[in-house]
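Student: Could you pick out one loop here and take a close look at it for me? After that, walk me through the rest of the structure in one go.

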Amino acid sequence: MPSLFRRKRLMTVLIGFIILVALIGFSMRDRSELSVPEKFLQDSVGWVQTVFHSPVQLVDNAYQNIQDMLNVYEQNEVLKTRLDEYKGLIQENQQVENDNQELRDTLDKTESMRDYTPIQGTVIARSSDRWFEQMTINKGEEHGVEKDMAVITSEGMVGKIESAGAFHSNVQLLSGFDESNKISSWVVREDEDNAFGLIEGYDSESGRLLLEGISLDEELEEGDVVMSSGMGGVFPSDLRIGTVEEVENDRSGLTKTAYVEPFADLFDISHVMVVDRDMQTVSEEELEEGDDQ
Amino acid sequence: MIRFSISVFMVIFLVLQGMAMSLLPAKIVYSELLVTPHWVLCLIMIIAIFFDKDDMYHSVWYGLLFGLLIDVVYTGVLGVYMVTYAMTAYVIHGMQKWFHANFIASVLLAVFGVAIADMLLYVIYSFVQVTAMDWGDYTTLRLLPTVLANAVFFVLLYPLFKNRVEQWSDRWQSA
């Protein structure tokens with residue numbers, strides 16, 4: 001053992017460097033699935049994390065409950081005033097839904113990109129390195145989770161599945177998105193058609209998403225809601241993403257860029273839903289097969 | 001048996017490191033400052049200082065093993081933490097001979113170790129474009145807070161582990 005490091009120090013450093021480069025190259029390329037040992041390690045650590053997480057979760061929940069109870073009276077007052085407004089809305093909504101259903105029936109179109117099956121999950125850990133905006137949830141392939149599925153909270157979208165193990169998976173948060181994970185989205189405006197754009201990145205200084213590729217003649221206003229369009233092929237449509245805060249022409253001057261404030265709090269997340277789109281997603285393999293024929 | 005207990009502690013720290021990020025109040029953890037817990041590294045350095053005698057390199061092997069585990073579980077880019085932690089353990093082990101193993105010397109070693117480990121991470125991650133910070137931002141936003149936070153953690157860890165690890169070391173050598 002002693003000779004290994006002392007006499008062959010140079011060799012060790014060189015071999016170490018080669019291994020480092022090889023490993024980085026292996027893991028940074030665009031992989032569709034994790035290797036088996038990685039999955040095994042991720043799941044094993046996941047179980048330990050779950051064991052440590054559950055008592056803390058219990059205390060956390062109890063604390064939350066007590067806080068909620070203290071606020072009950074005020075919330076009740078506010079909710080009562082809101083209730084009447086909602087009654088009207090519900091009826092209107094039902095009417096619209098019926099209309100929609102009838103129209104769909106006449107068109108023979110039953111599937112919608114809006115439909116999805118949620119998979120409930122709990123966040124058990126977050127990457128300790130802040131340069132990696134990732135977190136681990138306690139649902140994996142056994143529960144139906146697959147790579148690239150959207151992840152949402154009750155407030156809005158928070159990210160997508162980066163890699164799925166058998167029982168645990170890693171979520172890439174919106175704040176870690178770059179040009180390799182775009183979200184095709186609509187800006188929903190009153191009295192006007194939806195404007196199309198792509199979420200292409202995150203501005204870490206202001207904590208806002210960048211919605212790019214909006215055509216120049218679209219007029220966006222502050223407060224317009226941004227939703228996923230479902231055109232990217234993986235996410236369902238109508239997932240809430242955020243509100244437009246600021247619009248400016250992009251560097252080339254051919255399109256506009258909007259800064260979007262996400263609905264969801266990307267830091268304080270404990271319960272999430274993984275969104276499994278009901279409509280068939282077109283995978284790359286199927287496309288290739290289609291080309292062969 | 002000793003190796004097993006050390007590994008168990010390592011795994012516990014590894015898990016706590018990730019839980020700290022999701023459970024501590026968001027205002028503390030997610031300010032502008034990118035504080036990164038290197039708790040596993042703190043324990044590896046204690047092993048390097050108090051467990052390893054001159055010709056023992058256990059800390060380096062723990063660095064390789066648990067660095068790789070951090071890579072798999074928390075970042076997804078393999079090999080970076082593995083090489084960084086192993087090299088830091090080797091350097092700390094080499095420097096430990098020049099100091100008496102007392103409290104102040106070990107804290108200084110730990111501060112130095114965390115600093116070089118984090119800078120190595122920064123250099124490697126810059127090369128593979130995980131981060132695009134410049135040195136000035138990196139030093140003020142990440143390096144200094146990280147070194148401070150981990151120095152505090154090391155000071156807490158020291159009284160809990162120093163004697164235990166020295167006992168393990170004696171038992172290991174007599175066995």
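Tutor: Let's zoom in on Asp238(A), which sits in the loop linking strand S9 (225-228) and strand S10 (240-249) of chain A. Keep in mind as we go that this is a predicted model. What catches the eye at Asp238(A) is its backbone: phi is positive, about 65°, even though the residue is not a glycine. As for its surroundings, Asp238(A) has 16 C-beta neighbours inside 10 Å, so it counts as partly exposed. The cut-offs make that clear: 20 or more would be buried, and 12 or fewer would be exposed.

Chain B has a residue to set beside it. Gln129(B), also not a glycine, has a positive phi near 60°. Its place is the loop between H6 and H7 of chain B. Here the neighbour count is 9 C-beta atoms inside 10 Å, so Gln129(B) counts as exposed.

Back in chain A, there's another loop residue to look at. Glu205(A) lies between strand S7 (195-203) and strand S8 (208-215) of chain A. With 7 other C-beta atoms within 10 Å, Glu205(A) is exposed. If you want a feel for distances, take Glu205(A) and Leu254(A): they are 49 residues apart in sequence, and their C-alpha atoms are 25 Å apart in space.

Now step back to the whole of chain A. The chain has 12 strands along with 4 helices, and its C-alpha trace spans about 80 × 55 × 40 Å along the principal axes. Of its 293 residues, 30% count as buried. Take the chain A contacts with a separation of 6 or more: 59% of them join residues 24 or more positions apart.

On to chain B, which has 7 helices and 0 strands. Its C-alpha atoms fill a box of roughly 50 × 30 × 30 Å along the principal axes. A compact globule of 175 residues would have a radius of gyration near 16 Å, and chain B agrees, with 16 Å. In chain B, 45% of the residues count as buried. For contacts with a separation of 6 or more in this chain, 72% are between residues 24 or more positions apart.

One helix pair gives you a good look at the packing. The axes of helix H1 (residues 2-23) and helix H3 (residues 39-51) of chain B come within 8 Å and cross at roughly 155°, and therefore H1(B) and H3(B) run roughly antiparallel to each other. On the H1(B) side the meeting residues include Phe9(B), Phe13(B) and Leu14(B), while the H3(B) side includes Trp39(B), Leu43(B) and Ile47(B). Sorted by class, this contact has 10 nonpolar residues, 1 polar residue and no charged ones. Also in H1 of chain B is Ala20(B), which is partly exposed, with 18 other C-beta atoms within 10 Å. Pro37(B) is 17 residues from Ala20(B) along the chain, yet their C-alpha atoms are separated by 8.5 Å.

H3(B) matters for the next part too. In the largest nonpolar core, which holds 51 residues, the ones touching the most other members are Val40(B), Cys42(B), Ile44(B), Met45(B) and Tyr85(B). H1, H3, H4, H5, helix H6 (103-127) and helix H7 (135-174) of chain B each give this core two or more residues. The biggest share comes from H3(B), with 13 residues. Take Ile44(B) as a sample: leaving out neighbours within four places in sequence, its contacts are Ser59(B), Tyr62(B), Gly63(B), Tyr85(B) and Ala89(B). Apart from this core lies another one, of 42 residues, with Ile161(A), Ile214(A), Ile241(A) and Ala264(A) among them.

Last, the place where the two chains meet. Chain B puts 30 residues into the contact and chain A puts in 35. On the chain B side, H1, helix H4 (58-75) and helix H5 (80-96) each supply at least two residues. H1(B) gives the most, with 8 residues. By class, that side of chain B has 21 nonpolar, 8 polar and 1 charged residues. So you meet H1(B) in two settings, because besides touching chain A this helix also lies roughly antiparallel to H3(B).

Key. Residues numbered from 1 in each chain as written. Chains lettered and ligands numbered in written order. Predicted model: local features only at pLDDT ≥ 70, side-chain atom pairs only at ≥ 80, totals over all residues. Rg over C-alpha atoms; globule rule 2.2 N^0.38 Å. Contact = placed C-beta atoms within 7 Å. Axes fitted to C-alpha atoms, helices over the stretch in contact; angles between N-to-C directions. Parallel < 35°, antiparallel > 145°, perpendicular 65-115°, else oblique. Nonpolar A, V, L, I, M, F, W, Y, C, P; charged D, E, K, R; others polar. Core = buried A, V, L, I, M, F, W, Y, C linked by C-beta atoms within 7 Å.
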